[in-house]
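Q: Please take a close look at one part of this model, the sheet and the turns that link its strands. I would like a connected account that goes through the pairing and then the individual residues.

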Amino acid sequence: MFGAIRLGDDIDDFCIKCKRLSNHAIVALIEERPAKVRCLSCYSDHAFLAGIAPPKKETVKKPKPPAAEAPSPDAVVLEASPTEPLPLNVPPEA
Ligand SMILES: [Zn+2]
């Protein structure tokens with residue numbers, strides 16, 4: 001098992017400021033697991049990452065395209081012939 005983890009314990013984690021694995025001190029625990037750590041190199045606090053570098057965040061959020069989705073083929077047929085009946089003399093395909 002892990003053994004008791006206590007506040008202030010040293011733990012290795014990925015520092016989001018140093019961008020590398022470094023020594024951290026545990027500053028918050030949730031259910032005996034590190035929740036927040038402080039980098040002992042730059043003294044910044046951040047959520048415990050379990051040593052895993054977070055994915056590169058996209059700084060620019062792409063705006064969602066306008067909701068002009070292409071209508072389904074059925075909708076096109078209905079709009080194209082609102083009153084005329086569908087042609088019935090179409091030869092059946094082989
Ligand atoms: Zn750091």
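**The sheet and its turns**

A: In this predicted model, D12 has N23 in β2 as its bridge partner. That pair belongs to the contact between β1 and β2, where the strands are antiparallel and share 6 bridges. Two further pairs fix the register here: D13 faces S22 in β2, and D10 faces A25 in β2.

To place these pairs, start with the whole chain. The chain contains 1 helix and 4 strands, and the order from the N terminus is β-β-β-β-α. The strands make an open sheet in the order β1-β2-β3-β4, with antiparallel pairing. β1 (10-15) and β4 (45-47) are the edge strands; each has a single partner strand, so one side of each lacks a neighbour in the sheet. On average, neighbouring strands in this sheet are turned by 50° against each other, direction ignored. As background, strands in a sheet pair through backbone hydrogen bonds, in either a parallel or an antiparallel arrangement.

Next comes the pairing of β2 with β3. β2 covers residues 20-30 and β3 covers residues 33-39. These two strands pair in the antiparallel sense over 6 bridges. Within this pairing, A28 lies opposite K36 in β3, and H24 has C39 in β3 as its bridge partner.

The last pairing is that of β3 with β4. The two strands run antiparallel and are joined by 3 bridges. V37 stands opposite H46 of β4 in this part of the sheet.

Now the turns. The hairpin of β1 and β2 has 4 residues between the strands, and K19 takes a positive phi near 60° there. In the hairpin of β2 and β3, 2 residues lie between the strands. The hairpin of β3 and β4 has 5 residues between its strands, and Y43 in the turn has a positive phi of about 60°. For context, most residues other than glycine have a negative phi.

The β2 to β3 turn deserves a separate look. E31 lies in the loop between these two strands. Its phi is positive, about 50°, although E31 is not a glycine. E31 is exposed, because just 5 other C-beta atoms lie within 10 Å and the cut-off for exposed is 12 or fewer. E32 is also found in the loop between β2 and β3. The phi of E32 is near 65°, again a positive value in a residue other than glycine. E32 has 10 other C-beta atoms within 10 Å, so E32 counts as exposed by that cut-off.

V37 gives a contrasting environment. This residue lies in strand β3. V37 has 26 C-beta neighbours inside 10 Å and therefore counts as buried, for which 20 or more are needed. Leaving out residues up to four places away in sequence, V37 touches I11, D13, H24, A25, I26, V27, H46 and F48. Several names on that list return from the pairing above: D13 is the residue opposite S22, A25 is opposite D10, and H24 is the bridge partner of C39. H46 is the β4 residue that stands opposite V37 itself. F48 is 11 residues from V37 in sequence, and their C-alpha atoms are 5.6 Å apart in space. As a general point, side chains in a regular strand alternate between the two faces of the sheet.

Two figures for the chain put this part in context. Buried residues make up 10% of the 94 residues, and V37 counts among the buried ones. Of the contacts in the chain with a separation of 6 or more, 30% are between residues 24 or more positions apart.

Taken together, the part you asked about is an open antiparallel sheet in the order β1-β2-β3-β4. Its β2 to β3 loop holds E31 and E32, while V37 sits in strand β3.

How values were computed: Residues numbered from 1 in each chain as written. Predicted model: local features only at pLDDT ≥ 70, side-chain atom pairs only at ≥ 80, totals over all residues. Pairing = 2+ DSSP bridges. Axes fitted to C-alpha atoms, helices over the stretch in contact; angles between N-to-C directions. Contact = placed C-beta atoms within 7 Å.
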